[in-house]
Amino acid sequence: MSLRNFDAATAMARLELMERIRAFEETARHAAVDEGLVLGAIHLSNGQEAVAVGVIEALRRDDYITSTHRGHGHTLAKGADAVAMMKELLGREGGCCGGKGGSMHIADFGVGMLGANGVVSANITIAAGAAHGVKLLGGDQVTVCFFGDGAANRGPFLEGLNWAGVFDLPILFVCEDNQYSATTRTSDMTSGDVAERARAIGLPVTEADGNDVQELAVLSREIIDRIRSSGKPEFLLARTYRQGGHTYFDPASYRPEGEADHMRASNDPIDRQRDLLISAGLAEADLDDLRSAAQAEMRTALDAARAAPWPAADTVFDDVQDVGSPALEAF
């Protein structure tokens, strides 16, 4: 990209947030693998940090997002507290969801993060519902829905995009095309093109390099400003790459040998942003200090989570809603 009118401070802030996301996830991986503190699977977004940072930068605090099972980066980028997030992963008191949601269902309504979701594509219809609520209430908030390329092959993709198009809802659908649906290359199980599916439904579509945080930030600002003004949905396809396996314990042996190593070496979003800043004259040592600070922050968050108590036993049903017998209500 051209360095004319380059805003180094903003570019540094984007790098810092990507470093914080990666440091959070690497620390979570350590907690799960080396200490056994995280029960169940966690899904890491190494290599996809630019999408979360570039898109969410354009949002206000009262805007909404929904996420996937791979949602730590989106949650941090929306402004959630890293300590509360780490406590949530460890199932501890003080977690974002009281230690009851865990990694795949992490949420923070205080910053407009309506939740990650362990069911592929289920967050698409939730996001459409949130955007419809905004419209009914006469607000100007924008909802951003993040989902993977594999989600485009499930029913809620069609239902959510169709609903948003029919009712002109203020929502941005963001497909993080990381090339793999769990353990299968998405192109092997997808007929046609995901972006063309959105165009067929009538949504304006933007396609972008999902590992270029600078480009994503500019494009997302333009798109989100349009949605806030028009109240109508749009679609963003961000091409990226999942550097690790589907879960932290997946060796990803289904990928061609050397593919992941090549992508790490040639198309890592953090390295690309570092290279850009160095070419603009920033000192590599300052960028290293930024990385070290992010890593130290997340070690401190893990220490706090490790020391936190378990949720009290008498709170186990506090977040469970009893609506009575469906049979009795229906008949």
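**Reading a cavity, a buried helix and a surface patch**

The largest cavity has a volume of about 60 Å³. This is a predicted model, so let's take it feature by feature.

Me: How many cavities of 30 Å³ or more are there?

Reply: Just look at the count: it comes to one cavity of 30 Å³ or more.

Me: And which residues line the largest cavity?

Reply: Here the lining is made up of Ile21, Ser45, Gln48, Glu49, Ala52, Arg70, Gly73, His74 and Glu176. Sorted by type, that lining has two nonpolar, four polar and three charged residues.

Me: Which helices supply at least two residues each to that lining?

Reply: Helix H2 (49-56) and helix H3 (72-77) do. As a general idea, an α-helix has 3.6 residues a turn, so residues three or four places apart point the same way. In this cavity, Glu49 and Ala52 are among the lining residues, and so are Gly73 and His74.

Me: Let's stay with H2. Why call H2 largely enclosed by the rest of the structure?

Reply: The thing to check is relative accessible area, where buried means under 20%. In H2, eight of the eight residues are buried, so the helix is largely enclosed by the rest of the structure. Those buried residues are Glu49, Ala50, Val51, Ala52, Val53, Gly54, Val55 and Ile56.

Me: Now the outside. Which residues form a nonpolar patch on the surface?

Reply: Trp163, Val166 and Phe167 do, and together they have about 290 Å² of accessible area. Trp163 sits in helix H6 (residues 155-166).

Me: What is the relative accessible area of Trp163?

Reply: Trp163 comes out at 41%, which means partly exposed, as that class runs between the buried limit of 20% and the exposed limit of 50%.

Methods. Residues are numbered from 1 along each chain as its sequence is written. This is a predicted model: local features need pLDDT of at least 70, side-chain atom pairs count only at pLDDT 80 or more; totals for chains, interfaces and linings use all residues. Side-chain values use heavy atoms; hydrogens and water are left out. On a 1 Å grid over the protein atoms alone, a cavity is a set of points where a 1.4 Å probe fits but cannot get out, and a pocket is an open set with protein on both sides within 12 Å along at least five of seven lines; lining residues have an atom within 4 Å of a point. Grid points are joined across faces, edges and corners, and a volume is the space filled by probe spheres set on the points. Helices (H or I, at least four residues) and strands (E, at least two) are DSSP runs, numbered from the N terminus. Ala, Val, Leu, Ile, Met, Phe, Trp, Tyr, Cys and Pro count as nonpolar, Asp, Glu, Lys and Arg as charged, and the others, Gly among them, as polar. Patches are made of residues with over 30% relative accessible area and no salt bridge: like charges are joined within 9 Å, nonpolar side chains (Val, Leu, Ile, Met, Phe, Trp, Tyr) within 5 Å. Accessible areas come from the Shrake-Rupley method with a 1.4 Å probe; for residues, only the protein chains shown count as cover. A salt bridge is a side-chain nitrogen of Lys or Arg within 4 Å of a carboxyl oxygen of Asp or Glu. Buried means under 20% relative accessible area, exposed over 50%, partly exposed in between (1.4 Å probe, protein chains only).
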